[in-house]
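Please look over the sequence and the structure below before reading on. The text that follows takes up sheets, loop residues and a helix pair in turn.

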Amino acid sequence: MKEYYLIEDLQKKLKKSRTQALRFAQQQGWTVSKEKIGKVYKNVYSKAEIDSYCSSLVKKEEEKKTITRTVAKREAKQIDELPNWNQRVANSRFILCRKLEEAYEEGLGNKEEIIRKFVLEAKINFPHQMTILKKISVPTLRRWWGIYLKNRNNPLALASGHGGQKGLRRVDKEVLEAAKSLYFSKNKPQMSVVWSELVKIFGIGCISYQTLRNFLNKDVNIIEKNKARMGPKEFKDTHTPYIVRSYEDIKAGDIWTADGHDIDALCRVKVAGKWVEKKLKLIMWLDIKSRLVVGWTLSKTETTEAIAIALKRGIEKYGLPKKIYTDNGKAFTSKVLEGTEELDGIYASLGVEVTHALPYNAQAKNIERWFTDFKQNLSKRFNTYIGGNVLERPEHMQGLCMTKIARGEAVTENELEIEIEKYIEEKNHLFYAIRRAGGRKAHRGKGMNNRTPLEVFNEEYPLGQRRTIDDEKLRLLFMYTETRQVRQNGIEFMENLYTSEHLYYHFSEKVVIKYDPHNLSYIYVYLESGEFLCKADKLNPTGFNDVNAIKTHKNRLKKIAKLGAEIIGIREEIRNDTNIIEYVDKPVEIKKAIVNKKGKESIKLADGVYVEID
């Protein structure tokens with residue numbers, strides 16, 4: 001068996017012409033020797049070297065991965081559908097071909113001479129086109145010329161084919177599908193973790209990390225990717241189109257909005273008599289047009305009480321808004337604020353219209369931007385800043401270090417309130433006034449017109465036009481409301497008893513009470529019709545040897561008896577004269593007679609007592 005290949009054998013092996021085979025053998029540096037074949041000496045090539053090369057080709061072909069298209073190829077039908085860079089290339093080539101056509105028509109020499117001269121002088125004659133094309137050669141221009149002859153009115157035909165391979169990955173389709181299934185997880189695994197899992201499943205070389213990164217970042221649609229990796233709220237906040245609000249049709253004082261924000265810094269507070277370090281919640285009301293913070297309070301959690309206190313503070317300082325736009329949280333829609341079918345809530349008592357944002361729709365509330373600035377500009381000033389999540393938490397606040405630092409450096413609730421008050425006063429006016437003084441816009445928000453929040457509010461809702469409520473009425477409006485039944489000993493509420501002689505004659509009736517959660521020493525009692533009945537005081541339990549308490553109880557019984565005598569006297573007077581009701585001898589003035597739900601006639605006394613007429 002011969003140990004060499006002739007040039008004819010080499011041609012068959014490489015599938016090349018004689019000249020190509022000789023040139024290729026020279027490039028590869030294969031050994032050439034003389035061998036006598038018959039009567040003639042011929043050049044022969046080492047069989048071992050050539051077989052080794054051919055084997056490597058087969059091996060490479062076997063190892064070559066399948067090409068998978070990951071992005072749909074778009075075919076442009078008009079030149080303006082191409083990328084800008086390709087439009088410039090196509091137009092430059094088209095212009096050069098038209099100029100070449102003009103040169104041919106002038107006929108100054110044969111075509112070979114004309115085209116060579118044209119290429120040689122192209123940079124001088126066509127500087128703009130050559131800046132885009134960089135360089136051309138005669139064969140290249142001939143190729144463009146041939147395309148131009150078939151497409152004289154279509155520059156698109158001369159566009160560059162560069163980028164035509166976009167979206168082709170030398171990876172098996174099943175590897176790419178597995179990559180997507182691993183990466184598309186709500187746990188948001190890193191790409192490096194996904195790549196490691198792919199190598200474990202399909203083996204080393206199934207896909208490179210760079211190819212995986214390019215596939216997930218460039219080929220996979222961002223909506224498909226984020227929808228698979230984000231929760232519903234995060235995806236909605238990131239991608240769902242939102243309403244762009246107009247500020248032209250509203251004025252300062254028209255609409256107030258409210259929300260709660262977790263302060264990302266630990267604060268020292270008392271819980272069950274012990275000092276602990278925890279995050280507090282900032283409840284805030286903001287005027288939508290002026291971006292002015294009108295009222296705020298600190299709370300351990302987002303409660304109805306905190307919301308009401310913040311709103312009351314805002315009304316005391318800046319008057320009543322026309323409308324309220326709040327979060328859809330449980331605390332904002334409680335019966336104390338919203339009311340029920342039987343009772344009016346605080347909003348209705350104030351006479352303001354209420355609208356709630358859609359659930360889980362942070363984009364609908366522009367107060368969220370204010371909280372972002374608050375976090376960056378104030379929360380991070382404190383040494384006990386811990387961030388909104390673990391990734392935002394500073395290194396010095398990790399683990400046990402956090403507890404030690406918090407105990408030593410956490411501010412108290414009172415100190416935090418002072419800092420917040422300073423910050424809000426600054427953001428309401430001074431911060432933006434300083435910006436304007438430095439040559440910048442005071443506030444860049446829509447409708448602000450280079451004014452500070454306080455300036456906008458005062459100009460558009462001046463003090464003389466504000467709807468105000470006197471302090472006593474405001475205090476009554478912000479009292480909490482409940483429905484209770486009058487019992488033998490008065491009204492039971494929050495494990496307390498509240499008594500008044502007027503309650504005795506409304507035994508078993510349902511009444512409406514109003515109370516201040518900060519002062520439970522008394523309550524106001526109203527009939528279901530809305531009429532004021534009495535003020536009931538808290539009844540303290542009587543000790544076995546408490547003489548003063550026993551005397552107080554006896555006085556209470558005397559008052560009930562006296563009131564009963566008055567009521568009986570009134571009834572007698574009514575029976576004697578049904579046309580004109582006059583009661584002068586008794587120190588009780590009769591206001592009017594009404595008919596109750598049971599069809600019985602009742603009268604209202606001056607002090608609010610209703611007396612049923614038999």
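**Hairpin, sheets, loops and a helix pair**

In the hairpin formed by β7 and β8, 2 residues lie between the strands, and Ala-272 has a positive phi near 55 degrees. The model is a predicted one. Strand β7 covers residues 267-271 and strand β8 residues 274-278; the two run antiparallel and are joined by 5 bridges. Within this pairing, Arg-268 has Glu-277 of β8 as its bridge partner.

Strand β7 also pairs with strand β13, residues 411-412, this time in parallel and through 2 bridges. Arg-268 takes part here too, with Thr-412 of β13 as its bridge partner. Together these strands make an open sheet of 3 strands in the order β8-β7-β13, and the pairing is mixed. β8 and β13 each have a single partner strand and stand at the edges, so one side of each has no neighbour in the sheet.

Just beyond this hairpin in the discussion comes Leu-280, which sits in the loop between β8 and β9 (281-287). Is Leu-280 buried or exposed? Its relative accessible area is 1%, and Leu-280 is therefore buried, since the cut-off for buried is under 20%. Not counting residues up to four places away in sequence, Leu-280 touches ten-odd places along the chain that can be listed by name: His-261, Asp-262, Ile-263, Cys-267, Val-269, Leu-298, Ser-299, Lys-300, Glu-413 and Leu-416. One of these contacts, Lys-300, is 20 residues from Leu-280 along the chain, and the C-alpha atoms of the two are separated by 5.0 Å.

A second loop residue is Asp-254, placed between α13 (232-239) and β6 (255-262). With a relative accessibility of 15%, Asp-254 counts as buried, because the cut-off is under 20%. A polar atom of the Asp-254 side chain lies 2.8 Å from the backbone nitrogen of Lys-251. Leaving aside neighbours within four places in sequence, Asp-254 is in contact with Asp-287, Pro-321, Lys-322 and Lys-323.

Another open sheet has 6 strands in the order β14-β17-β18-β19-β16-β15, with antiparallel pairing. β14 (480-485) and β15 (491-493) stand at the edges with a single partner strand each, so one side of each is left without a neighbour in the sheet. On average, neighbouring strands of this sheet are turned by 35 degrees against each other, direction ignored. At the β15 edge, the partner is strand β16, residues 496-499, and the antiparallel pairing runs over 3 bridges. Phe-493 stands opposite Asn-496 of β16.

The last part concerns two helices. Helix α4 (residues 84-106) packs against helix α5 (residues 111-120) at an angle of about 140 degrees, and the axes are 10 Å apart. How are α4 and α5 oriented to each other? They are oblique, because only angles over 145 degrees count as roughly antiparallel. The crossing of α4 and α5 is right-handed. On the α4 side the contact is made by Leu-96, Lys-99, Leu-100, Ala-103 and Tyr-104, and on the α5 side by Lys-111, Ile-114, Ile-115 and Phe-118.

Definitions and conventions: Residues are numbered from 1 along each chain as its sequence is written. This is a predicted model: local features need pLDDT of at least 70, side-chain atom pairs count only at pLDDT 80 or more; totals for chains, interfaces and linings use all residues. Side-chain values use heavy atoms; hydrogens and water are left out. Two strands pair if DSSP finds at least two bridges between them. Helices (H or I, at least four residues) and strands (E, at least two) are DSSP runs, numbered from the N terminus. Buried means under 20% relative accessible area, exposed over 50%, partly exposed in between (1.4 Å probe, protein chains only). A polar contact is a pair of N or O atoms within 3.5 Å; within protein, one must be able to donate a hydrogen and the other to accept it, and residues adjacent in sequence count only if both atoms are side-chain atoms. Contact means heavy atoms within 4.5 Å. Axes are lines fitted to C-alpha atoms, for helices over the stretch in contact, and angles run from 0 to 180 degrees between N-to-C directions. Angles under 35 degrees count as roughly parallel, over 145 as roughly antiparallel, 65 to 115 as roughly perpendicular and the rest as oblique. A crossing is left-handed if the near helix is turned anticlockwise from the far one by less than a right angle, and right-handed if clockwise.
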